[in-house]
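The following exercises concern the architecture, helix packing and local geometry of one model. Please work through each task before reading its solution.

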There are 2 protein chains.
Amino acid sequence: MIQRRKTRMVNVGGVGIGGDAPVALQSMCTTKTHDVDATVRQINQLAEAGADIVRIAVPHHEDAQAIPEIRKQSPVPLVADIHFSHLLALEAIEAGVDKLRLNPGNIRDPNKIREVVRAARDRMIPIRVGANAGSLDTARYGHPTADAIVQSALDEVHILEDEGFHDIVISLKSFEVPVTIEAYRKMSELVDYPLHLGITEAGLPWEGTIRSCVGIGTLLALGIGDTIRMSLTADPVEEIKAGLEMLRVLDLRQGGITIVACPSCGRADIDLHATAQAVKARLSHIKTKKPLRVAVMGCVVNGPGEARMADVGLAGGGGVGLIFAGGESLNKVPEADMVDELVKHVERVVAEQEED
Amino acid sequence: MIQRRKTRMVNVGGVGIGGDAPVALQSMCTTKTHDVDATVRQINQLAEAGADIVRIAVPHHEDAQAIPEIRKQSPVPLVADIHFSHLLALEAIEAGVDKLRLNPGNIRDPNKIREVVRAARDRMIPIRVGANAGSLDTARYGHPTADAIVQSALDEVHILEDEGFHDIVISLKSFEVPVTIEAYRKMSELVDYPLHLGITEAGLPWEGTIRSCVGIGTLLALGIGDTIRMSLTADPVEEIKAGLEMLRVLDLRQGGITIVACPSCGRADIDLHATAQAVKARLSHIKTKKPLRVAVMGCVVNGPGEARMADVGLAGGGGVGLIFAGGESLNKVPEADMVDELVKHVERVVAEQEED
């Protein structure tokens, strides 16, 4: 239903960013890249959770040296995060990374930048450039307003374009959500390069999720954004889980179980929080790729309606649970049995879906 | 920075919704309203957490009877949630509630609706009407698309307008975020009544927060929405905390401590998650009304920049922590002491702010 803005597509080791490709989900390893085993283990965890692309930090020569082995073992394309050294960028390209995250402004010397861009072009490796409010050259661009961030990123883009390089992804990160939204909206009017969305340094899981969902979610809802990374001060697997849920909420990803549950409310006649949590825990083993909606309701106002609209639903109250599936009321069971009964029907419906 | 859509203002017991009033934050009690002590206790908890308005369920006569005593003890205006009985609505108005949440369609009889609307007008009590996808009259409106939800709500609005009643707030709730966004965007073009935002049955805290922040956050970022309720299957205090954080993220509320913290990242040289959590815990006693930004960074790329931009900041790495305040680097302490040092400076800055 979201009309996505049309961008040119870049190819990151077989995963498209932009064009008609689905919004790609990224995270970044917290391991030292030179620790190959730890890095591969974390890449696998991220891929398993749903990451399409994983970024690794390459601050030192030994990290670049580890790339070939990591690349061989990784199930997903890799992005090398390079900041100051053009030699590390060249090494990473040579080592087989699928994309670079680079700040040409940090490399400074035009000849060195040219060398990196040419090597990336020869290997057909996209480069993400972009501004980050925290590292903006304020002497040149002033206070990190949306316009300053956009201009700084455009200047980096122009350095690459001057070399005839167009496999570009742009990011415009800030901690400030209104500034970030404004910056991406402006940039999306100016260029057709795919955009990498993120709210930088968003913080611990609770506040970071709120900040990222408002910022990234708004842009995605407006059709802006081709790849996202949710920044949380947490295990990066949490970034992928939250990012995936955000994409599902916007129908930008399909599949998996969605639990619809009543809010806290004085109308509820069962302990909804405990019931919904029990249902969630009891369904966590189901890894279906097909979309399945499960409703847990405790209200005579919206309950039966929502339960009926779900693939499988429970409307509890008055000591009993009504079970619904496929829009039909199936049976009525005592409250003590309603979670068991709901789970049984979910498992049945999933099994039937798998047979289709 | 967000340009809010201009709406007419209604007055809910001294709290404005719409017009130039700040976006009002609501939640709903989970208590049985006839249990006065439990209800007042929860209202106090919600008000303490930041609720501007609290809704209570009034499904039975004994609940309506409890309203006068609750109203007397409540520090915030109260909304009575009425669904089927016009007599309960009349009782609640008589008992002194500050607003009604009503579905005229459920009351059906035009004479009974007229009676309620006239009583509300005489007492100058606003009424929230609106559609909820889960209880939409699908025989009449069809599948709950954005247009169906908007039309259903407009029909309720017209019932009130026909009585010359205009103290109206409108909600258009659905579990589907794209549908909800589309419905509110359409409605905001059609009427100037203030809008109550919510994503219904959003679910358990983790997924419900993601769903609500994307849905409500997008609308608020577009300037739409005059009051919000975040629906979580949780203690309603969690709804208020998350809703308040969402408003702060969009600069629709100011004040309080905001922690900026690095994401998980292979560049980090300290355990950022543990450090940021320790800082959050150590600062939780500070209840400042003034905005204060605290940065916890572990990165030489964005760290010092962000730490410098914060009111008080820490950039850790290499066994030491650099402490910043007011844009200046203050001192360098061993890693083991950096949280203590940061907290000390935050307390100092807060004390200085209080003196101003």
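**Exercise 1. Two residues with positive phi**

A:Glu201 is buried, with a relative accessible area of 2% (buried means under 20% relative accessible area, exposed over 50%, partly exposed in between, with a 1.4 Å probe and protein chains only). The model is predicted: local features need pLDDT of at least 70, side-chain atom pairs count only at pLDDT 80 or more, and totals for chains, interfaces and linings use all residues. Residues are numbered from 1 along each chain as its sequence is written, chains are lettered from A and ligands numbered from 1 in the order in which they are written, and side-chain values use heavy atoms, with hydrogens and water left out.

Task: Locate A:Glu201 and A:Arg108, and state the backbone phi of A:Glu201 and of A:Arg108.

Solution.
- Step 1. A:Glu201 sits in the loop between strand S9 (195-197) and H9 of chain A; helices (H or I, at least four residues) and strands (E, at least two) are DSSP runs, numbered from the N terminus.
- Step 2. The phi of A:Glu201 is positive, about 50 degrees, although the residue is not a glycine.
- Step 3. A:Arg108 belongs to the loop between helix H4 (104-107) and helix H5 (110-123) of chain A.
- Step 4. A:Arg108, again a residue other than glycine, has a positive phi near 70 degrees.
- Step 5. A:Arg108 has 69% relative accessibility and therefore counts as exposed, whereas A:Glu201 at 2% is buried.

**Exercise 2. Overall layout of chain A**

Task: Describe the secondary structure, extent and domain division of chain A.

Solution.
- Step 1. Chain A contains 13 helices and 15 strands.
- Step 2. The C-alpha trace of chain A spans about 75 × 40 × 35 Å along its principal axes.
- Step 3. Domain 1 covers 10-249 and domain 2 covers 256-355 of chain A, with bounds that come from an automatic or database domain assignment.
- Step 4. A distance of 39 Å separates the C-alpha centres of domain 1 and domain 2 of chain A.
- Step 5. Of the 356 residues of chain A, 62% count as buried.
- Step 6. Contact means heavy atoms within 4.5 Å. In chain A, 62% of the contacts between residues at least 6 apart in sequence join residues at least 24 apart.

**Exercise 3. Packing of H8(A) on H9(A)**

Task: Classify the packing of H8(A) and H9(A) from the angle between their axes.

Solution.
- Step 1. Helix H8 (residues 177-190) and helix H9 (residues 205-221), both of chain A, pack at about 20 degrees, and their axes are 10 Å apart. Axes are lines fitted to C-alpha atoms, for helices over the stretch in contact, and angles run from 0 to 180 degrees between N-to-C directions.
- Step 2. H8(A) is therefore roughly parallel to H9(A); angles under 35 degrees count as roughly parallel, over 145 as roughly antiparallel, 65 to 115 as roughly perpendicular and the rest as oblique.
- Step 3. The residues in contact are A:Val177, A:Thr180, A:Ile181, A:Tyr184 and A:Arg185 of H8(A) with A:Arg211, A:Val214, A:Gly215, A:Thr218 and A:Leu219 of H9(A).
- Step 4. By class, this contact of H8(A) with H9(A) has five nonpolar, three polar and two charged residues. Ala, Val, Leu, Ile, Met, Phe, Trp, Tyr, Cys and Pro count as nonpolar, Asp, Glu, Lys and Arg as charged, and the others, Gly among them, as polar.

**Exercise 4. H9(A) against H9(B)**

Task: What angle and axis distance describe the packing of H9(A) and helix H9 of chain B?

Solution.
- Step 1. H9(A) and helix H9 (residues 205-221) of chain B pack at about 55 degrees, with axes 8 Å apart.
- Step 2. H9(A) is therefore oblique to H9(B).
- Step 3. The contact residues of H9(A) include A:Cys213 and A:Gly217, and those of H9(B) include B:Cys213 and B:Gly217.
- Step 4. The contact of H9(A) with H9(B) divides into eight nonpolar, six polar and no charged residues.
- Step 5. H9(B) is mostly covered, with 15 of its 17 residues buried.

**Exercise 5. A contact between H11 and H13 of chain B**

Task: Is B:Thr275 buried or exposed, and which residues does B:Val339 contact?

Solution.
- Step 1. B:Thr275 is in helix H11 (residues 272-283) of chain B and, at 9% relative accessibility, counts as buried.
- Step 2. B:Val339 lies in helix H13 (residues 338-355) of chain B and is buried at 15% relative accessibility.
- Step 3. Leaving aside neighbours within four places in sequence, B:Val339 contacts B:Thr275, B:Ala278, B:Val279 and B:Arg282.
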